[in-house]
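Please open the structure in your viewer and keep the selection panel at hand. The stops below go from one selection to the next, with a short account of what each one shows.

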Amino acid sequence: MTTRLYIPGDSSAVAVGANRVLRAIERLARERRTEIEIVRNGSRGLFWLEPMIEVATPEGRIAYGPVSHSDVPGLFDAGFLGGGQHPLRLGRPEEIPYLKSQERLTFARCGIIDPVSIEDYRAHGGLRGLVKALQMQPAEIVAEVTESGLRGRGGAGFPTGIKWKTVLQTASDRKYVVCNADEGDSGTFADRMIMEGDPFLLIEGMAIAGVATGATKGFIYIRSEYPDSFRQMNRAIELARNAGYLGPNLLNSGQAFDLETRLGAGAYICGEETSLLESLEGKRGVIRFKPPLPAIQGLFGKPTVINNLISFASVPVILDDGANFYKNFGVGRSRGTQPFQLAGNVKQGGLIEKAFGVTLKELIFDYGGGTLSGRPVRAVQVGGPLGAYIPAADLDIKMDYEALAAAKGMLGHGGIVVFDDTVDMAQQARFAMEFCAVESCGKCTPCRIGSTRGVEVIDRIVAGIDRPKNLQLLDDLCETMVDGSLCALGGLTPFPVQSAIRHFPEDFDKPSRKAAE
Ligand SMILES: Cc1cc2nc3c(=O)[nH]c(=O)nc-3n(C[C@H](O)[C@H](O)[C@H](O)COP(=O)(O)O)c2cc1C
Ligand code: SF4
């Protein structure tokens, strides 16, 4: 009898030794004349348990983790191929509390299926959304997406259906669909997990966008730091094309849609949509003036749907189960679910897909188990390097677009980076300005010059030079960057800076703090 084993091929598992574990298992199976079949699944997003391997038993899948190659002989001796007892045995993965209480709509298949098997994808509900979309009028698809309340998961939270409607209504001989998989925010990995763990989901979401707007060609712009995702997406695109769910005749519908991948060149600014389009056209990643919006004049001057990967990946379930099903999740104007990505100084980092409205405290403590260092949480940065710092006293904040905006923060792409009480918030503020200076595209003065001046002013404040005057100057500089920057890189950098000063003023006054001690 052949036993099926799941060993994640996701970069998060490979980075901590999954390939070595795989080789050790193959060697021992050969030596012990045991028949095994290995599936390289994606990650379930429980990173502290990676490599988490699973064995298919008559009672369902049984997980073991974190497994190192040196654990493999012991696992064989314990009869793990039959689900045997072992200190690393975790039981049924879906019963692990971290996973059990999630609301996985977008990540429903990630870590479960063979990512490059269309049969497995279909057996787990894949392609149903596209099949439905192909039976609808474009305007009906757009209406369904609008009705679901889906907002862009890349950062700005713009309603996806409205963007698609503009593209649909703009007449053109050619239109494009572009996926933003640049995923530059600190502590984020949701796009990567889908590309490596459920790539057909992205293909399906983009094909639906094409059918809905009349676009026949799509590009996936993947950051250069994701070589595994790039390979996996190329493989999945080829398989989809061979199976007729990409190409000139989508699932025999007579409609055409095809996809290509492009690799970025390592610039944070190329995640901004207009810079990304410049980069896709083979130029340097510099911001374009808006208007015209990309929906009207985007890639090569043609109407273009440009969305974050998770926005596209959220669409198949909306088409399959309906807008009403999807919008039943969430709070206020934040509908559906969000893949939160927990990173930094936290015990149990990983991906948590929950309906909007879960609190930051629940994510960090109920899921994350608190800090890895065991020290108290002092600050949490939500929404990437341009997100505000939230102090420990405010962790009850609900995670939705409006609640975060009211706290002068933002949800961004759903990244959460936790810091304990050893963090120096003046250095974090300095880092924000320095990051902006390094990543600035250079097109406008408040960002290009302001960020460098910002670093200098913070250095003077920390050194105790004319502190009140320099604090005022920093405030004025931040206001100028907010009001005068052409894009959100310069416009949002003041968020982390000002939140650090507002909540942690003592860190900017070290000489007097030292004197007081
Ligand atoms: C400096 C900067 C970096 C950005 N980086 C990303 C990114 O890595 N991924 C992403 O999806 N959106 C990023 N965005 C947002 C995009 O400009 C754009 O809003 C998004 O691709 C639209 O898709 P959505 O409506 O599905 O969110 C960035 C924006 C700025 C200003
Ligand atoms: S804010 Fe910065 S990144 Fe954006 S256009 Fe201006 S210089 Fe370029």
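## A loop with polar contacts

Begin by selecting Glu225, whose side chain makes a polar contact of 3.4 Å with the side chain of Ser224. A second polar contact, at 2.9 Å, links the side chain of Glu225 to the side chain of Arg223. Please bear in mind throughout that this is a predicted model. Glu225 belongs to the loop between strand E7 and helix H11, the latter covering residues 227-242, and its relative accessible area of 42% makes Glu225 partly exposed. If you then add Ala265 to the selection, you will find its C-alpha atom 8.7 Å from that of Glu225, although the two positions lie 40 residues apart along the chain.

## Strand E6 and its neighbours

Next, select residues 176-181, which form strand E6; because 6 of its 6 residues are buried, the strand is largely enclosed by the rest of the structure. Which residues of E6 lie on each side? Tyr176, Val178 and Asn180 are on one face, and Val177, Cys179 and Ala181 are on the other, with both faces covered.

Now add residues 217-222, strand E7, which pairs with E6 in the parallel sense over 6 bridges; in this pairing Ala181 stands opposite Ile222 of E7. Strand E9, residues 304-308, also runs parallel to E6 and is joined to it by 5 bridges. Here the residue to select is Cys179, which stands opposite Asn307 in E9.

## Ligand 1

Asn307 leads on to ligand 1, since this residue is among those that come nearest to the ligand, together with Gly154, Glu273, Asn308 and Ser311, out of 20 residues around it. Three polar approaches can be displayed one by one. A polar side-chain atom of Ser311 is 2.6 Å from an oxygen atom of ligand 1, a polar backbone atom of Asn308 is 2.8 Å from an oxygen atom of the ligand, and an N or O atom in the side chain of Lys163 is 2.9 Å from an oxygen atom of the ligand.

## Ligand 2

Move on to ligand 2, which sits in the largest cavity. It is surrounded by 13 residues, of which Ile287, Cys441, Cys444, Cys447 and Cys487 are the closest. What is the division of this shell into nonpolar, polar and charged residues? There are 8 nonpolar residues, 4 polar ones and 1 charged one.

## Strand E3 and its hairpin

Select residues 53-57 for strand E3, where 4 of the 5 residues are buried, leaving the strand mostly covered. Strand E4, residues 60-64, runs antiparallel to E3 and is joined to it by 5 bridges, and the hairpin that connects the two passes through 2 residues. Glu54 is a useful residue to highlight, for it stands opposite Ala63 in E4 and is also the bridge partner of Tyr6. The latter bridge belongs to the link between E3 and strand E1, residues 3-6, which run antiparallel and are joined by 2 bridges.

## Backbone details

Just ahead in the list of selections is Pro51, in the loop between strand E2 (36-39) and E3, where a cis peptide bond joins Glu50 and Pro51 with omega at about -10°. A cis peptide bond also joins Lys290 and Pro291, with omega at about -5°, and Pro291 is found in the loop between helix H12 (273-280) and E9.

Two further residues deserve a look for their phi values. Arg33, in the loop between helix H2 (18-31) and E2, has phi near 50°, a positive value in a residue other than glycine, and it counts as exposed at 78% relative accessibility. Lys408 is not a glycine either, yet its phi is positive at about 60°; it lies in the loop between helix H16 (401-406) and strand E16 (415-420), and it is exposed, with a relative accessible area of 53%.

## Two valines in helices

Finish with two valines. Is Val142, in helix H7 (residues 138-148), buried or exposed? Its relative accessibility is 4%, and the threshold for burial is under 20%, so Val142 counts as buried. Val438, in helix H17 (residues 425-439), has a relative accessibility of 61% and therefore counts as exposed. With Thr452 added, the two C-alpha atoms are 8.9 Å apart in space, while Val438 and Thr452 are 14 residues apart in sequence.

Definitions and conventions. Residues are numbered from 1 along each chain as its sequence is written. Chains are lettered from A and ligands numbered from 1 in the order in which they are written. This is a predicted model: local features need pLDDT of at least 70, side-chain atom pairs count only at pLDDT 80 or more; totals for chains, interfaces and linings use all residues. Side-chain values use heavy atoms; hydrogens and water are left out. A residue is near a molecule or strand if one of its heavy atoms lies within 4 Å of it. On a 1 Å grid over the protein atoms alone, a cavity is a set of points where a 1.4 Å probe fits but cannot get out, and a pocket is an open set with protein on both sides within 12 Å along at least five of seven lines; lining residues have an atom within 4 Å of a point. A molecule sits in a cavity or pocket if more than half of its atoms lie within 2 Å of its grid points. Ala, Val, Leu, Ile, Met, Phe, Trp, Tyr, Cys and Pro count as nonpolar, Asp, Glu, Lys and Arg as charged, and the others, Gly among them, as polar. Buried means under 20% relative accessible area, exposed over 50%, partly exposed in between (1.4 Å probe, protein chains only). Two strands pair if DSSP finds at least two bridges between them. A polar contact is a pair of N or O atoms within 3.5 Å; within protein, one must be able to donate a hydrogen and the other to accept it, and residues adjacent in sequence count only if both atoms are side-chain atoms.
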